[in-house]
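Dear colleague,

I am handing over the structure below, and after it you will find an account of what was found. Please read the two side by side.

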Amino acid sequence: MSEPTSFHMSPDDFRTFGHAMVDWIADYQERVESLPVMSQVQPGDIRAMLPAAPPETGEPFADIMADVDRVILPGVTHWQSPNFFAYFPANTSGPAILGELLSAGLGVQGMLWVTSPACTELETHMMDWLVDMLDLPGIFKSTSTGGGVIQDSASSATLCALLAARERASSFAINRSGGTGRMTAYATAQTHSSVEKAMMVAGMGREHLRLVDVDATFAMRPDALAAQIAQDRAAGFTPAFVCASVGTTSSNAIDPVRAIGEICRREQIWLHVDAAMSGTAALCPEFRWIHDGLEFADSYCFNPHKWMFTNFDCDAFFVADRKALIDTLSILPEYLRNEATKSGAVIDYRDWQIPLGRRFRALKLWFVIRHYGIAGLQHHVREHVRLAQEFAGWVSESEAFDVVAPAPLNLVCFRHRGGDTANQQIMDRLNLSGNLYLTHTKLDGKLTLRLVVGQTSTRAEHVAAAWMQIQDAAAAVTAQRA
Ligand SMILES: *Cc1c(COP(=O)(O)O)cnc(C)c1O
(Lines give C-alpha, C1' and ligand atoms only; values in the text may rest on other atoms or scores of the structure.)
Protein backbone atom coordinates (compact mmCIF):
# COMPACT_ATOMS: atom_id res chain seq x y z
CA MET A 1 0.00 0.00 0.00
CA SER A 2 1.44 3.34 -0.97
CA GLU A 3 0.79 6.50 1.04
CA PRO A 4 -2.08 8.60 -0.35
CA THR A 5 -0.86 11.69 -2.16
CA SER A 6 -3.86 13.85 -1.28
CA PHE A 7 -6.13 14.19 1.70
CA HIS A 8 -8.42 16.73 0.05
CA MET A 9 -12.15 16.24 -0.39
CA SER A 10 -12.68 15.41 -4.07
CA PRO A 11 -15.18 17.44 -6.09
CA ASP A 12 -17.31 14.30 -6.31
CA ASP A 13 -17.39 13.83 -2.54
CA PHE A 14 -18.01 17.55 -2.13
CA ARG A 15 -21.03 17.20 -4.39
CA THR A 16 -22.40 14.34 -2.28
CA PHE A 17 -21.78 15.93 1.12
CA GLY A 18 -22.85 19.33 -0.18
CA HIS A 19 -26.21 17.98 -1.25
CA ALA A 20 -26.56 16.35 2.16
CA MET A 21 -25.72 19.66 3.84
CA VAL A 22 -28.31 21.55 1.83
CA ASP A 23 -30.83 18.86 2.80
CA TRP A 24 -29.80 19.28 6.44
CA ILE A 25 -30.36 23.04 6.31
CA ALA A 26 -33.72 22.66 4.54
CA ASP A 27 -34.79 20.12 7.19
CA TYR A 28 -33.61 22.55 9.88
CA GLN A 29 -35.75 25.31 8.40
CA GLU A 30 -38.74 22.95 8.58
CA ARG A 31 -38.18 21.82 12.16
CA VAL A 32 -36.56 24.86 13.86
CA GLU A 33 -39.93 25.91 15.24
CA SER A 34 -40.08 22.70 17.33
CA LEU A 35 -36.67 23.25 18.99
CA PRO A 36 -36.27 25.14 22.32
CA VAL A 37 -35.51 28.71 21.20
CA MET A 38 -32.96 29.60 23.86
CA SER A 39 -30.24 26.98 24.31
CA GLN A 40 -30.69 25.32 27.69
CA VAL A 41 -27.08 24.10 28.20
CA GLN A 42 -24.87 25.07 31.14
CA PRO A 43 -21.39 26.63 30.76
CA GLY A 44 -18.89 23.92 29.74
CA ASP A 45 -21.52 21.39 28.57
CA ILE A 46 -20.51 21.64 24.93
CA ARG A 47 -16.77 21.37 25.54
CA ALA A 48 -17.37 18.35 27.74
CA MET A 49 -18.74 16.54 24.68
CA LEU A 50 -15.69 17.34 22.53
CA PRO A 51 -12.57 15.15 22.48
CA ALA A 52 -9.61 16.67 24.31
CA ALA A 53 -7.27 16.26 21.34
CA PRO A 54 -7.75 16.87 17.60
CA PRO A 55 -7.79 13.73 15.39
CA GLU A 56 -4.45 12.44 14.15
CA THR A 57 -6.03 11.11 10.95
CA GLY A 58 -9.01 12.43 9.04
CA GLU A 59 -12.54 11.30 9.88
CA PRO A 60 -15.51 10.45 7.63
CA PHE A 61 -17.67 13.44 6.87
CA ALA A 62 -20.77 11.55 8.01
CA ASP A 63 -19.27 11.30 11.50
CA ILE A 64 -18.69 15.03 11.58
CA MET A 65 -22.31 15.71 10.60
CA ALA A 66 -23.57 13.28 13.22
CA ASP A 67 -21.72 15.33 15.84
CA VAL A 68 -23.37 18.50 14.58
CA ASP A 69 -26.67 17.00 15.69
CA ARG A 70 -25.31 15.44 18.87
CA VAL A 71 -22.90 18.12 20.16
CA ILE A 72 -23.62 21.41 18.47
CA LEU A 73 -27.40 21.69 18.11
CA PRO A 74 -28.15 21.50 21.86
CA GLY A 75 -25.87 24.51 22.31
CA VAL A 76 -27.50 26.59 19.60
CA THR A 77 -29.93 29.38 20.40
CA HIS A 78 -32.25 29.35 17.43
CA TRP A 79 -32.11 32.84 16.03
CA GLN A 80 -33.98 31.54 13.00
CA SER A 81 -36.93 30.27 15.04
CA PRO A 82 -40.21 32.05 14.30
CA ASN A 83 -40.51 32.32 18.12
CA PHE A 84 -37.28 34.32 18.48
CA PHE A 85 -38.30 37.79 19.74
CA ALA A 86 -35.11 38.66 21.67
CA TYR A 87 -32.41 41.34 21.16
CA PHE A 88 -32.87 42.17 17.46
CA PRO A 89 -33.41 39.87 14.49
CA ALA A 90 -30.44 38.37 12.66
CA ASN A 91 -32.62 36.98 9.95
CA THR A 92 -31.54 35.02 6.92
CA SER A 93 -33.19 33.43 3.91
CA GLY A 94 -32.64 30.80 1.22
CA PRO A 95 -31.11 33.17 -1.33
CA ALA A 96 -28.80 34.70 1.30
CA ILE A 97 -27.51 31.30 2.44
CA LEU A 98 -26.89 30.26 -1.16
CA GLY A 99 -25.08 33.53 -1.84
CA GLU A 100 -22.91 32.89 1.21
CA LEU A 101 -22.13 29.40 -0.07
CA LEU A 102 -21.17 30.72 -3.46
CA SER A 103 -18.94 33.33 -1.82
CA ALA A 104 -17.16 30.57 0.09
CA GLY A 105 -16.92 28.47 -3.07
CA LEU A 106 -15.31 31.27 -5.06
CA GLY A 107 -13.08 32.06 -2.09
CA VAL A 108 -12.25 35.47 -3.45
CA GLN A 109 -10.15 38.09 -1.63
CA GLY A 110 -11.65 41.41 -2.68
CA MET A 111 -9.23 43.87 -1.08
CA LEU A 112 -8.48 45.64 -4.37
CA TRP A 113 -10.45 46.04 -7.58
CA VAL A 114 -7.73 44.12 -9.40
CA THR A 115 -7.91 41.13 -7.01
CA SER A 116 -11.44 40.42 -8.33
CA PRO A 117 -13.18 43.17 -10.27
CA ALA A 118 -16.64 41.60 -9.90
CA CYS A 119 -16.36 41.64 -6.11
CA THR A 120 -15.85 45.41 -6.11
CA GLU A 121 -18.21 46.35 -8.92
CA LEU A 122 -21.14 44.24 -7.70
CA GLU A 123 -20.69 45.76 -4.25
CA THR A 124 -20.69 49.32 -5.59
CA HIS A 125 -23.76 48.51 -7.63
CA MET A 126 -25.64 46.96 -4.69
CA MET A 127 -24.84 49.97 -2.50
CA ASP A 128 -26.20 52.29 -5.21
CA TRP A 129 -29.32 50.10 -5.46
CA LEU A 130 -29.83 50.38 -1.71
CA VAL A 131 -29.72 54.18 -1.93
CA ASP A 132 -32.63 53.99 -4.37
CA MET A 133 -34.46 51.23 -2.50
CA LEU A 134 -34.43 53.17 0.80
CA ASP A 135 -34.68 56.57 -0.91
CA LEU A 136 -31.49 57.73 0.83
CA PRO A 137 -29.87 61.07 -0.11
CA GLY A 138 -28.32 60.90 -3.59
CA ILE A 139 -24.98 62.12 -2.24
CA PHE A 140 -24.41 58.59 -0.86
CA LYS A 141 -24.18 57.23 -4.40
CA SER A 142 -20.91 56.27 -6.04
CA THR A 143 -21.79 58.60 -8.92
CA SER A 144 -21.78 61.55 -6.49
CA THR A 145 -19.05 62.56 -4.01
CA GLY A 146 -19.89 59.71 -1.65
CA GLY A 147 -20.48 56.01 -1.86
CA GLY A 148 -21.29 52.86 0.01
CA VAL A 149 -19.31 49.87 1.22
CA ILE A 150 -20.20 46.65 3.02
CA GLN A 151 -18.73 46.44 6.52
CA ASP A 152 -18.84 43.38 8.76
CA SER A 153 -20.91 45.21 11.37
CA ALA A 154 -22.46 48.50 12.38
CA SER A 155 -19.74 48.70 15.02
CA SER A 156 -17.06 48.77 12.32
CA ALA A 157 -19.03 51.35 10.36
CA THR A 158 -19.20 53.56 13.46
CA LEU A 159 -15.46 53.19 14.03
CA CYS A 160 -14.65 54.12 10.42
CA ALA A 161 -16.97 57.12 10.66
CA LEU A 162 -15.39 58.25 13.92
CA LEU A 163 -11.87 57.92 12.52
CA ALA A 164 -12.79 59.98 9.45
CA ALA A 165 -14.42 62.58 11.72
CA ARG A 166 -11.30 62.69 13.88
CA GLU A 167 -9.05 63.21 10.87
CA ARG A 168 -11.28 65.84 9.30
CA ALA A 169 -11.47 67.76 12.58
CA SER A 170 -7.68 67.68 12.94
CA SER A 171 -6.96 68.53 9.29
CA PHE A 172 -5.68 64.93 8.97
CA ALA A 173 -2.95 65.51 11.56
CA ILE A 174 -3.77 62.79 14.07
CA ASN A 175 -3.01 59.89 11.71
CA ARG A 176 0.39 61.49 11.19
CA SER A 177 1.42 62.63 14.62
CA GLY A 178 -1.07 61.36 17.17
CA GLY A 179 -3.87 62.98 19.10
CA THR A 180 -3.99 65.72 21.69
CA GLY A 181 -6.79 64.22 23.77
CA ARG A 182 -8.97 67.30 23.35
CA MET A 183 -11.58 66.03 20.92
CA THR A 184 -15.16 65.32 21.97
CA ALA A 185 -17.99 63.20 20.58
CA TYR A 186 -21.72 63.15 21.35
CA ALA A 187 -24.34 60.44 21.74
CA THR A 188 -26.93 59.55 24.39
CA ALA A 189 -27.11 56.97 27.14
CA GLN A 190 -29.41 55.04 24.76
CA THR A 191 -26.85 55.00 21.91
CA HIS A 192 -25.34 51.63 21.05
CA SER A 193 -22.20 50.76 23.05
CA SER A 194 -20.19 50.56 19.81
CA VAL A 195 -19.74 54.34 19.95
CA GLU A 196 -18.04 54.17 23.34
CA LYS A 197 -15.90 51.28 22.09
CA ALA A 198 -14.96 53.27 18.97
CA MET A 199 -13.83 56.15 21.23
CA MET A 200 -11.56 53.70 23.05
CA VAL A 201 -10.19 52.13 19.86
CA ALA A 202 -9.70 55.48 18.14
CA GLY A 203 -7.64 56.69 21.07
CA MET A 204 -10.03 59.56 21.73
CA GLY A 205 -10.83 58.44 25.23
CA ARG A 206 -14.24 57.37 26.44
CA GLU A 207 -14.29 60.29 28.90
CA HIS A 208 -14.60 62.49 25.84
CA LEU A 209 -17.86 60.90 24.80
CA ARG A 210 -20.61 63.22 26.04
CA LEU A 211 -23.95 61.60 26.84
CA VAL A 212 -26.55 64.16 25.83
CA ASP A 213 -29.89 64.20 27.66
CA VAL A 214 -32.89 62.46 26.13
CA ASP A 215 -36.56 63.45 26.11
CA ALA A 216 -39.54 61.41 27.33
CA THR A 217 -39.34 59.21 24.20
CA PHE A 218 -35.63 58.42 24.89
CA ALA A 219 -34.56 60.51 21.86
CA MET A 220 -31.66 62.99 21.93
CA ARG A 221 -32.60 66.55 22.89
CA PRO A 222 -31.13 68.93 20.27
CA ASP A 223 -31.13 71.85 22.74
CA ALA A 224 -29.08 69.77 25.18
CA LEU A 225 -26.68 68.82 22.35
CA ALA A 226 -26.18 72.46 21.38
CA ALA A 227 -25.58 73.45 25.00
CA GLN A 228 -23.03 70.67 25.55
CA ILE A 229 -21.15 71.60 22.36
CA ALA A 230 -21.00 75.26 23.45
CA GLN A 231 -19.76 74.28 26.89
CA ASP A 232 -17.04 72.07 25.39
CA ARG A 233 -15.88 74.74 22.97
CA ALA A 234 -15.66 77.23 25.84
CA ALA A 235 -13.50 74.71 27.74
CA GLY A 236 -11.12 74.39 24.78
CA PHE A 237 -12.29 71.07 23.36
CA THR A 238 -12.81 70.33 19.66
CA PRO A 239 -16.25 68.76 19.08
CA ALA A 240 -15.74 66.30 16.23
CA PHE A 241 -18.48 63.67 16.02
CA VAL A 242 -22.16 63.18 16.74
CA CYS A 243 -23.90 59.81 16.50
CA ALA A 244 -27.66 59.97 16.03
CA SER A 245 -29.66 56.76 16.25
CA VAL A 246 -32.60 55.86 14.06
CA GLY A 247 -34.00 53.13 16.26
CA THR A 248 -31.93 52.56 19.40
CA THR A 249 -31.22 48.96 20.36
CA SER A 250 -32.78 49.39 23.76
CA SER A 251 -36.16 50.94 22.88
CA ASN A 252 -36.21 51.86 19.16
CA ALA A 253 -35.99 55.57 20.01
CA ILE A 254 -35.54 57.75 16.94
CA ASP A 255 -33.29 60.77 17.41
CA PRO A 256 -34.44 63.94 15.59
CA VAL A 257 -31.89 63.76 12.78
CA ARG A 258 -32.92 67.01 11.10
CA ALA A 259 -32.56 69.20 14.20
CA ILE A 260 -29.32 67.42 15.16
CA GLY A 261 -28.07 67.74 11.58
CA GLU A 262 -28.67 71.48 11.49
CA ILE A 263 -26.54 71.87 14.61
CA CYS A 264 -23.79 69.68 13.16
CA ARG A 265 -23.78 71.63 9.88
CA ARG A 266 -23.52 74.94 11.73
CA GLU A 267 -20.81 73.65 14.06
CA GLN A 268 -18.89 71.74 11.37
CA ILE A 269 -19.21 68.44 13.22
CA TRP A 270 -19.35 65.02 11.52
CA LEU A 271 -22.82 63.50 11.83
CA HIS A 272 -23.09 59.72 11.74
CA VAL A 273 -26.55 58.17 11.67
CA ASP A 274 -26.86 54.62 12.99
CA ALA A 275 -30.01 52.87 11.75
CA ALA A 276 -28.72 49.34 12.28
CA MET A 277 -32.04 47.57 12.59
CA SER A 278 -34.65 50.17 11.72
CA GLY A 279 -33.13 51.43 8.46
CA THR A 280 -34.64 48.44 6.66
CA ALA A 281 -38.11 49.89 7.34
CA ALA A 282 -37.35 52.63 4.80
CA LEU A 283 -37.88 50.07 2.05
CA CYS A 284 -41.52 51.07 2.56
CA PRO A 285 -42.43 54.68 1.65
CA GLU A 286 -44.78 54.98 4.66
CA PHE A 287 -41.83 54.48 7.08
CA ARG A 288 -39.35 56.83 5.38
CA TRP A 289 -40.09 59.59 7.88
CA ILE A 290 -37.53 57.86 10.13
CA HIS A 291 -34.83 59.29 7.86
CA ASP A 292 -36.08 62.86 7.87
CA GLY A 293 -33.02 65.14 7.78
CA LEU A 294 -30.62 62.45 6.59
CA GLU A 295 -29.29 64.86 3.96
CA PHE A 296 -27.33 66.46 6.84
CA ALA A 297 -25.47 63.22 7.60
CA ASP A 298 -21.81 62.71 6.75
CA SER A 299 -22.27 58.97 7.14
CA TYR A 300 -25.06 56.47 7.62
CA CYS A 301 -25.35 52.75 8.18
CA PHE A 302 -27.95 50.01 8.46
CA ASN A 303 -27.65 46.25 8.71
CA PRO A 304 -29.23 44.08 6.02
CA HIS A 305 -27.98 41.36 8.39
CA LYS A 306 -30.57 42.29 10.96
CA TRP A 307 -33.91 42.72 9.27
CA MET A 308 -33.34 42.37 5.50
CA PHE A 309 -33.12 38.57 5.21
CA THR A 310 -29.37 38.64 4.57
CA ASN A 311 -27.35 36.51 6.96
CA PHE A 312 -24.62 38.04 9.13
CA ASP A 313 -22.30 39.72 8.22
CA CYS A 314 -23.57 42.55 6.04
CA ASP A 315 -23.65 46.17 7.19
CA ALA A 316 -24.29 48.83 4.52
CA PHE A 317 -22.18 51.91 5.30
CA PHE A 318 -22.48 55.13 3.29
CA VAL A 319 -20.46 58.33 3.31
CA ALA A 320 -21.26 61.68 1.73
CA ASP A 321 -17.58 62.48 1.04
CA ARG A 322 -15.62 59.34 0.19
CA LYS A 323 -12.39 61.32 0.03
CA ALA A 324 -12.51 61.99 3.77
CA LEU A 325 -12.86 58.26 4.48
CA ILE A 326 -10.21 57.15 2.00
CA ASP A 327 -7.72 59.81 3.12
CA THR A 328 -8.23 58.50 6.66
CA LEU A 329 -7.78 54.79 5.98
CA SER A 330 -5.59 54.52 2.88
CA ILE A 331 -2.13 53.03 2.93
CA LEU A 332 -0.33 51.73 -0.16
CA PRO A 333 2.55 49.33 0.41
CA GLU A 334 4.67 48.44 -2.62
CA TYR A 335 3.33 44.90 -2.98
CA LEU A 336 -0.20 46.17 -3.55
CA ARG A 337 0.71 48.73 -6.22
CA ASN A 338 -0.98 48.10 -9.58
CA GLU A 339 -1.99 49.92 -12.76
CA ALA A 340 -5.74 49.98 -12.05
CA THR A 341 -5.24 51.60 -8.66
CA LYS A 342 -2.76 54.09 -10.15
CA SER A 343 -5.18 55.04 -12.89
CA GLY A 344 -7.70 56.24 -10.28
CA ALA A 345 -10.49 54.66 -12.34
CA VAL A 346 -11.39 51.98 -9.80
CA ILE A 347 -12.50 51.61 -6.18
CA ASP A 348 -10.19 49.72 -3.82
CA TYR A 349 -12.44 48.90 -0.88
CA ARG A 350 -9.55 48.08 1.45
CA ASP A 351 -9.27 51.88 1.79
CA TRP A 352 -12.84 52.04 3.13
CA GLN A 353 -12.45 49.68 6.11
CA ILE A 354 -10.09 48.61 8.92
CA PRO A 355 -8.86 45.19 7.65
CA LEU A 356 -7.13 44.67 4.35
CA GLY A 357 -8.89 41.48 3.25
CA ARG A 358 -12.54 41.25 2.44
CA ARG A 359 -15.07 38.61 1.43
CA PHE A 360 -17.42 38.66 -1.56
CA ARG A 361 -20.41 39.70 0.56
CA ALA A 362 -22.27 41.54 -2.19
CA LEU A 363 -23.30 38.19 -3.69
CA LYS A 364 -25.76 37.38 -0.93
CA LEU A 365 -27.24 40.86 -1.09
CA TRP A 366 -27.62 40.54 -4.86
CA PHE A 367 -29.32 37.17 -4.48
CA VAL A 368 -31.68 38.49 -1.79
CA ILE A 369 -32.69 41.61 -3.70
CA ARG A 370 -33.25 39.67 -6.93
CA HIS A 371 -35.11 36.81 -5.26
CA TYR A 372 -37.56 38.96 -3.28
CA GLY A 373 -37.69 42.04 -5.45
CA ILE A 374 -38.47 45.34 -3.76
CA ALA A 375 -42.15 44.37 -3.46
CA GLY A 376 -41.32 41.08 -1.73
CA LEU A 377 -39.06 42.77 0.81
CA GLN A 378 -41.66 45.47 1.46
CA HIS A 379 -44.34 42.85 1.99
CA HIS A 380 -42.43 41.11 4.79
CA VAL A 381 -41.25 44.29 6.52
CA ARG A 382 -44.81 45.63 6.51
CA GLU A 383 -46.09 42.37 7.93
CA HIS A 384 -43.53 42.46 10.77
CA VAL A 385 -44.50 46.02 11.65
CA ARG A 386 -48.18 45.14 11.49
CA LEU A 387 -47.71 42.18 13.85
CA ALA A 388 -45.68 44.26 16.33
CA GLN A 389 -48.36 46.98 16.26
CA GLU A 390 -51.05 44.39 16.87
CA PHE A 391 -49.07 43.08 19.84
CA ALA A 392 -48.66 46.62 21.20
CA GLY A 393 -52.43 47.03 20.96
CA TRP A 394 -53.06 43.88 23.00
CA VAL A 395 -50.56 45.00 25.64
CA SER A 396 -52.15 48.47 25.96
CA GLU A 397 -55.60 46.99 26.36
CA SER A 398 -54.50 44.54 29.04
CA GLU A 399 -55.02 45.09 32.75
CA ALA A 400 -51.64 43.77 33.85
CA PHE A 401 -49.19 45.20 31.29
CA ASP A 402 -48.27 48.62 29.86
CA VAL A 403 -46.44 49.70 26.72
CA VAL A 404 -43.71 51.94 28.17
CA ALA A 405 -42.01 53.54 25.13
CA PRO A 406 -43.20 54.62 21.69
CA ALA A 407 -43.28 51.57 19.40
CA PRO A 408 -43.07 53.09 15.91
CA LEU A 409 -41.99 49.93 14.07
CA ASN A 410 -41.31 46.31 15.02
CA LEU A 411 -40.05 46.57 18.63
CA VAL A 412 -42.41 46.83 21.61
CA CYS A 413 -41.14 47.72 25.10
CA PHE A 414 -43.61 46.68 27.79
CA ARG A 415 -43.79 45.99 31.47
CA HIS A 416 -45.94 44.07 33.93
CA ARG A 417 -47.36 46.29 36.65
CA GLY A 418 -45.96 43.99 39.36
CA GLY A 419 -42.47 45.56 39.36
CA ASP A 420 -38.92 44.44 38.47
CA THR A 421 -38.97 41.08 40.22
CA ALA A 422 -42.24 40.05 38.62
CA ASN A 423 -41.00 41.06 35.18
CA GLN A 424 -37.76 39.14 35.68
CA GLN A 425 -39.69 36.04 36.78
CA ILE A 426 -42.08 36.28 33.84
CA MET A 427 -39.17 36.51 31.42
CA ASP A 428 -37.23 33.63 33.03
CA ARG A 429 -40.29 31.42 32.98
CA LEU A 430 -40.93 32.12 29.29
CA ASN A 431 -37.33 31.64 28.22
CA LEU A 432 -36.90 28.42 30.19
CA SER A 433 -40.03 27.01 28.57
CA GLY A 434 -38.16 27.02 25.26
CA ASN A 435 -41.37 28.08 23.51
CA LEU A 436 -40.19 31.60 22.81
CA TYR A 437 -37.30 33.90 23.61
CA LEU A 438 -37.40 37.55 24.63
CA THR A 439 -34.93 39.83 26.39
CA HIS A 440 -35.07 42.96 28.51
CA THR A 441 -33.71 46.48 28.84
CA LYS A 442 -33.88 49.16 31.51
CA LEU A 443 -35.91 52.28 30.88
CA ASP A 444 -36.16 55.00 33.54
CA GLY A 445 -34.31 52.56 35.81
CA LYS A 446 -37.02 49.90 35.51
CA LEU A 447 -36.72 46.42 34.07
CA THR A 448 -38.57 46.40 30.77
CA LEU A 449 -39.44 43.49 28.49
CA ARG A 450 -38.81 43.80 24.76
CA LEU A 451 -40.50 41.93 21.95
CA VAL A 452 -39.04 42.31 18.45
CA VAL A 453 -40.81 40.94 15.39
CA GLY A 454 -38.31 40.39 12.60
CA GLN A 455 -37.62 36.73 12.03
CA THR A 456 -38.00 35.49 8.47
CA SER A 457 -40.61 32.86 9.38
CA THR A 458 -42.51 34.69 12.14
CA ARG A 459 -46.22 34.84 11.32
CA ALA A 460 -49.36 36.09 13.05
CA GLU A 461 -49.91 32.82 14.92
CA HIS A 462 -46.45 33.01 16.53
CA VAL A 463 -47.02 36.51 17.87
CA ALA A 464 -50.51 35.57 19.09
CA ALA A 465 -49.11 32.47 20.83
CA ALA A 466 -46.36 34.60 22.41
CA TRP A 467 -48.95 36.98 23.87
CA MET A 468 -50.98 34.05 25.28
CA GLN A 469 -47.87 32.64 26.92
CA ILE A 470 -46.80 36.01 28.32
CA GLN A 471 -50.22 36.37 29.96
CA ASP A 472 -50.07 32.81 31.29
CA ALA A 473 -46.59 33.36 32.71
CA ALA A 474 -47.75 36.58 34.36
CA ALA A 475 -50.73 34.79 35.92
CA ALA A 476 -48.47 32.01 37.23
CA VAL A 477 -45.98 34.50 38.69
CA THR A 478 -48.76 36.52 40.33
CA ALA A 479 -50.34 33.39 41.83
CA GLN A 480 -46.97 32.26 43.18
CA ARG A 481 -46.34 35.62 44.87
CA ALA A 482 -49.83 35.89 46.38
C1 LIG B 1 -27.47 46.01 16.65
C2 LIG B 1 -27.06 47.43 16.68
C3 LIG B 1 -25.71 47.80 16.54
C4 LIG B 1 -24.60 46.82 16.45
O5 LIG B 1 -24.63 46.11 15.27
P6 LIG B 1 -23.40 45.20 14.83
O7 LIG B 1 -23.61 45.08 13.36
O8 LIG B 1 -23.56 43.92 15.55
O9 LIG B 1 -22.16 45.90 15.20
C10 LIG B 1 -25.41 49.15 16.49
N11 LIG B 1 -26.38 50.08 16.60
C12 LIG B 1 -27.68 49.76 16.72
C13 LIG B 1 -28.70 50.84 16.82
C14 LIG B 1 -28.06 48.42 16.78
O15 LIG B 1 -29.36 48.10 16.90
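**Ligand site and strands**

An oxygen atom of the ligand is placed 3.0 Å from an N or O atom in the side chain of Asn 303; please keep in mind that this is a predicted model. Two further contacts of this kind involve side chains: a nitrogen atom of the ligand lies 2.6 Å from an N or O atom in the side chain of Asp 274, and a polar side-chain atom of His 305 is found 3.2 Å from an oxygen atom of the ligand. On its own the ligand has 390 Å² of accessible area, and the protein covers 91% of this.

The residues around the ligand, taken in sequence order, are Phe 88, Ser 153, Ala 154, Ser 155, His 192, Gly 247, Thr 249, Asp 274, Ala 276, Asn 303, His 305 and Lys 306. By character this shell divides into 3 nonpolar, 7 polar and 2 charged residues, and at least two of its residues are supplied by each of the helices α6 (154-169) and α11 (304-307).

Turning to the strands, there is an open sheet of 7 strands with mixed pairing, whose order is β1-β7-β6-β5-β4-β2-β3. Its edge strands, each of which pairs on one side only, are β1 (147-151) and β3 (209-212), and on average neighbouring strands of this sheet are turned by 20° against each other when direction is ignored. Within the sheet, strand β5 (residues 270-274) runs parallel to strand β6 (residues 299-302), the two being joined by 3 bridges, and His 272 stands opposite Ser 299 in β6.

A second group of strands involves β9, β10 and β11. Strand β9 (residues 411-416) is joined to β11 by 4 bridges in an antiparallel arrangement, in which Cys 413 has Arg 450 of β11 as its bridge partner. Strand β10 (residues 439-443) also pairs with β11 in the antiparallel sense, here over 5 bridges, and Lys 442 has Leu 447 of β11 as its bridge partner. β10 and β11 form a hairpin with 2 residues between them, and in the turn Asp 444 has a positive phi of about 50°. As for β11 itself (residues 446-452), 6 of its 7 residues are buried, that is, under 20% relative accessible area, so the strand is largely enclosed by the rest of the structure.

With best regards

How values were computed
Residues numbered from 1 in each chain as written. Predicted model: local features only at pLDDT ≥ 70, side-chain atom pairs only at ≥ 80, totals over all residues. Heavy atoms only, no water. Near = heavy atom within 4 Å. Polar contact = N/O pair within 3.5 Å; in protein donor to acceptor, adjacent residues only side chain to side chain. Areas by Shrake-Rupley, 256 points an atom, 1.4 Å probe, with all protein chains shown as cover. Nonpolar A, V, L, I, M, F, W, Y, C, P; charged D, E, K, R; others polar. Buried < 20%, exposed > 50% of the residue type's maximum accessible area, 1.4 Å probe, protein only. Pairing = 2+ DSSP bridges. Axes fitted to C-alpha atoms, helices over the stretch in contact; angles between N-to-C directions.
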